[in-house]
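Hi,

Here is the structure I said I would pass on. Have a look at it first, and then read my notes below.

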Amino acid sequence: MRQPPHHMLPRDTEGIDDAGIDRHIVRRVWGFARPYRRQIIGFLTAIVLAALLGLAPPLIFGRIIDGAIADGDRGYLTFLAVLAITAALAESLLGLAERWLSSTIGEGLIYDLRVRLFDHVQRLPVAFFTRAQTGALVSRLNNDVIGAQRALTGTLGSVVSNLVVLATTLAAMIALEWRLTILAVALLPAFLIPAKKVGTRLADISRQQMERNARMNSTMTERFGVAGAMLVKLFGRHGSETEKFSDDAAGVRDAGIKSAVLGRIFFSTLGFVGALGIAVVYWWGGSLVIDGELSTGDLVALAALVQRIYQPLTALTNARIDVLTAFVSFERVFEVLDIENPIRDRPGAVDLVDVRGRVEFDDVWFTYPTAEDVSLPSLDGAVPDGDTSSGPVLRGVTASIEPGQLVAVVGPSGAGKTTLTSLVPRLYDVDSGAVRVDGHDLRDLTQSSLRRSIGVVSQDPHLFHDTIAGNLRYADPDATAADLERVCAAARIHDVIAALPEGYDTVVGDRGYRLSGGEKQRLSIARMLLKNPALVILDEATSHLDSENEAAVQAALADALEGRTSLVVAHRLSTIIDADQILVLDNGQLVESGTHDELRRDAGLYADLYRTLVRGDHEPGSASVTPR
């Protein structure tokens with residue numbers, strides 16, 4: 001197996017000088033590689049056979065000179081020529097088989113690791129995603145997975161190939177003339193010493209390039225998003241942004257030039273040492289030929305073979321670092337796979353069926369998990385030392401919601417309103433107490449059946465960069481065009497969509513930025529209606545809308561909530577007034593509950609909130625309860 005010349009460069013050993021290969025990691029790697037064991041055996045066999053066949057041409061050429069030409073035997077000459085061509089053809093075919101097996105193993109392993117990572121990560125709790133950096137996660141799915149693949153097909157193949165080439169070549173050279181072999185090997189330090197210095201410098205330059213490239217990628221990711229592009233425009237920062245990007249791009253350019261020059265120096269050195277080795281072999285070997293101690297054919301064969309030992313010898317000096325570096329990628333992949341998911345289906349969990357919609361909060365206590373509990377420092381960016389919880393967000397909340405009721409949750413900012421509603425679809429698990437649906441503890445239900453029964457509309461609904469129809473069908477992939485029109489009509493958005501040039505095939509753009517806030521909200525309501533849940537959670541669904549859009553969304557919600565159990569956070573005051581029950585939270589505790597009229601008569605926290613809202617809005621019917 002021939003590796004590109006840069007694989008011979010001394011590696012950046014920073015961070016792995018004292019490292020070793022963990023046997024547990026090796027066993028896990030083999031667990032992923034086991035399905036490809038036949039291909040791996042074939043791959044290694046092809047490498048060994050190709051390395052052996054690589055010896056044939058020099059030895060055959062030696063026989064041509066010493067045998068066929070010296071004896072004037074044309075038949076023998078033809079036979080040897082055909083044998084050389086056959087060996088070259090066989091080596092090419094083995095190279096093709098080696099490449100096919102390598103790609104089969106490598107691409108298969110990439111597929112397995114990516115799918116396993118993707119499946120595992122998307123099942124992790126929401127708390128994980130509030131901590132982890134998206135870019136770091138994507139890097140694990142791309143760069144580290146590819147690095148892990150190279151551990152099997154690149155590093156493994158390279159080490160085996162170089163060992164076989166070196167062993168067989170040295171054996172052949174020693175058999176021909178051991179003194180010339182020792183001389184050729186003795187020249188290696190003349191290459192390794194300058195190569196080590198060049199390699200260290202190249203490693204530094206490569207690290208600088210990676211850092212600057214990372215900054216450029218981060219800049220482009222942030223500035224090319226809709227929100228980032230708008231911020232740049234609104235603050236008129238185009239010039240400074242271009243200047244900053246230009247500085248990083250110039251750094252990458254300059255580092256690239258230095259890398260190219262140093263690389264050329266390295267490869268020129270390699271070529272010089274190779275030429276020196278051949279010259280020395282011919283000089284001393286020629287003397288041996290003159291003295292009758294070596295044949296001319298053997299000298300030619302030795303000169304050809306000497307070129308085969310420098311590359312594998314140099315590469316093998318880096319073998320340990322290559323292997324350790326490759327296994328680092330596996331470790332980073334396994335690090336993510338080992339993140340424990342605290343929200344799992346219990347053994348024997350049952351499906352939630354025939355949902356009536358009764359919800360109970362029974363002495364619920366909840367504290368948000370710390371970074372240590374749900375994330376990794378390498379994914380979290382910068383985790384402060386001693387990152388601890390700020391204490392319980394919910395403290396002994398007990399409440400019951402009957403089927404079909406509309407229940408509002410109100411309270412000051414930070415009271416725990418959104419946290420309470422997040423427990424119902426089991427985005428988090430309670431610390432103590434229980435949340436029940438139709439008498440079932442959520443932890444005794446399968447998550448898939450629970451979440452199929454719940455629809456959520458948030459204040460900033462997420463839309464994928466897809467068509468309107470594609471975003472709607474996320475709730476029901478089998479929905480017909482008639483189904484889409486029906487739910488959109490109910491959500492008061494069908495006429496808007498029908499007026500678009502491409503109708504339901506209109507692409508909404510990144511996060512739905514091609515739609516207004518009210519249109520996004522109504523589209524999310526339509527998507528929720530297509531899901532047809534028994535329970536609906538509205539989390540400040542109209543807090544960011546103007547009066548006209550609020551009226552349209554409010555009308556859509558009136559139909560959407562009909563006959564469903566609804567839990568509404570800080571919704572329009574008119575809806576709260578008409579709620580069957582209002583839960584008032586303060587500092588994580590349920591301090592009041594009742595209807596609008598009952599709570600006003602009690603003159604407690606709700607009455608204070610209500611008076612504040614009415615004073616702050618000339619039209620109480622369009623006011624909203626205080627934000628979270």
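**Notes on the sheet, the cores and the salt bridges**

Ser 458 stands opposite Asp 539 in strand S7. Before going on, please keep in mind that this is a predicted model.

That pair belongs to the contact between S6 and S7 (residues 535–539), two strands that run parallel and are joined by five bridges. One residue back, Val 457 has Leu 538 of S7 as its bridge partner. Helix H20 (residues 517–531) packs on the sheet here, touching both S6 and S7, and its direction makes about 180° with that of S6.

So much for one corner; now the whole sheet. It is open and has six strands in the order S6-S7-S8-S3-S9-S10, with mixed pairing. Strand S6 (454–458) and strand S10 (589–594) are the edges, each pairing on one side only. On average, neighbouring strands are turned by 15° against each other, ignoring direction.

S7 deserves a closer look. On its other side it meets strand S8 (residues 565–569), again parallel and again through five bridges. Leu 538 has Val 568 as its bridge partner in S8. Which way do the side chains of S7 point? Leu 535, Ile 537 and Asp 539 point one way, Val 536 and Leu 538 point the other way, and all are buried. In a regular strand, side chains alternate between the two faces of the sheet. Since five of the five residues of S7 are buried, the strand is largely enclosed by the rest of the structure.

**What sits inside**

Nonpolar side chains in soluble globular proteins tend to be buried together. In this model the largest nonpolar core has 39 residues, and Leu 472, Cys 488, Tyr 504, Ile 525, Ile 582 and Tyr 606 have the most contacts inside it. Many elements feed into it: strand S3 (406–410), S7 and strand S9 (581–586), along with helices H17 (468–472), H18 (481–490), H20, H21 (547–560) and H24 (605–615), each supply at least two residues. H20 gives the most, with six residues.

If you want one residue to click on, try Ile 525. Leaving out residues up to four places away in sequence, Ile 525 touches Val 457, Ala 491, Val 553, Ala 556, Leu 557 and Ala 560. There is also another core, lying apart from this one, with 32 residues, among them Val 374, Leu 394, Val 397 and Leu 450.

Next, H18. Its buried residues include Leu 484, Val 487 and Cys 488. They cover an arc of only 100° around the axis, which puts them on the same side of H18. That fits the usual helix geometry: an α-helix has 3.6 residues a turn, so residues three or four places apart point the same way. What covers the buried residues of H18 includes H17, helix H19 (494–498) and H20. Just after H18, Arg 492 takes a positive phi of about 60°.

**Charged pairs**

How many salt bridges does a search of the whole structure find? There are 15. Asp 444 and Arg 346 form one of them, with their closest N and O atoms 2.7 Å apart. Asp 444 is in the loop between strand S5 (440–441) and helix H16 (447–452), while Arg 346 is in the loop between helix H12 (319–337) and strand S1 (359–366), so the pair ties together parts that are 98 residues apart in sequence. Both ends are partly exposed: Asp 444 has 34% relative accessibility, and Arg 346 has 38%.

Arg 358 is worth a click too. It meets Glu 360 in a salt bridge at 3.6 Å, N to O, and Glu 360 counts as buried at 18% relative accessibility. Arg 358 also meets Glu 402, at 2.2 Å, N to O. This second pair links distant parts of the chain, 44 residues apart: Glu 402 is in the loop between strand S2 (394–401) and S3, and Arg 358 is in the loop between H12 and S1. Glu 402 counts as partly exposed, at 33% relative accessibility. Elsewhere, salt bridges that share partners join Arg 63, Asp 66 and Asp 298 into one network.

Best wishes

Notes
Residues are numbered from 1 along each chain as its sequence is written. This is a predicted model: local features need pLDDT of at least 70, side-chain atom pairs count only at pLDDT 80 or more; totals for chains, interfaces and linings use all residues. Side-chain values use heavy atoms; hydrogens and water are left out. Two strands pair if DSSP finds at least two bridges between them. Helices (H or I, at least four residues) and strands (E, at least two) are DSSP runs, numbered from the N terminus. Axes are lines fitted to C-alpha atoms, for helices over the stretch in contact, and angles run from 0 to 180 degrees between N-to-C directions. Contact means heavy atoms within 4.5 Å. A nonpolar core is a set of buried Ala, Val, Leu, Ile, Met, Phe, Trp, Tyr and Cys residues joined through side-chain atoms within 4.5 Å. Buried means under 20% relative accessible area, exposed over 50%, partly exposed in between (1.4 Å probe, protein chains only). The arc is that of the directions from the helix axis to the C-beta atoms. A salt bridge is a side-chain nitrogen of Lys or Arg within 4 Å of a carboxyl oxygen of Asp or Glu.
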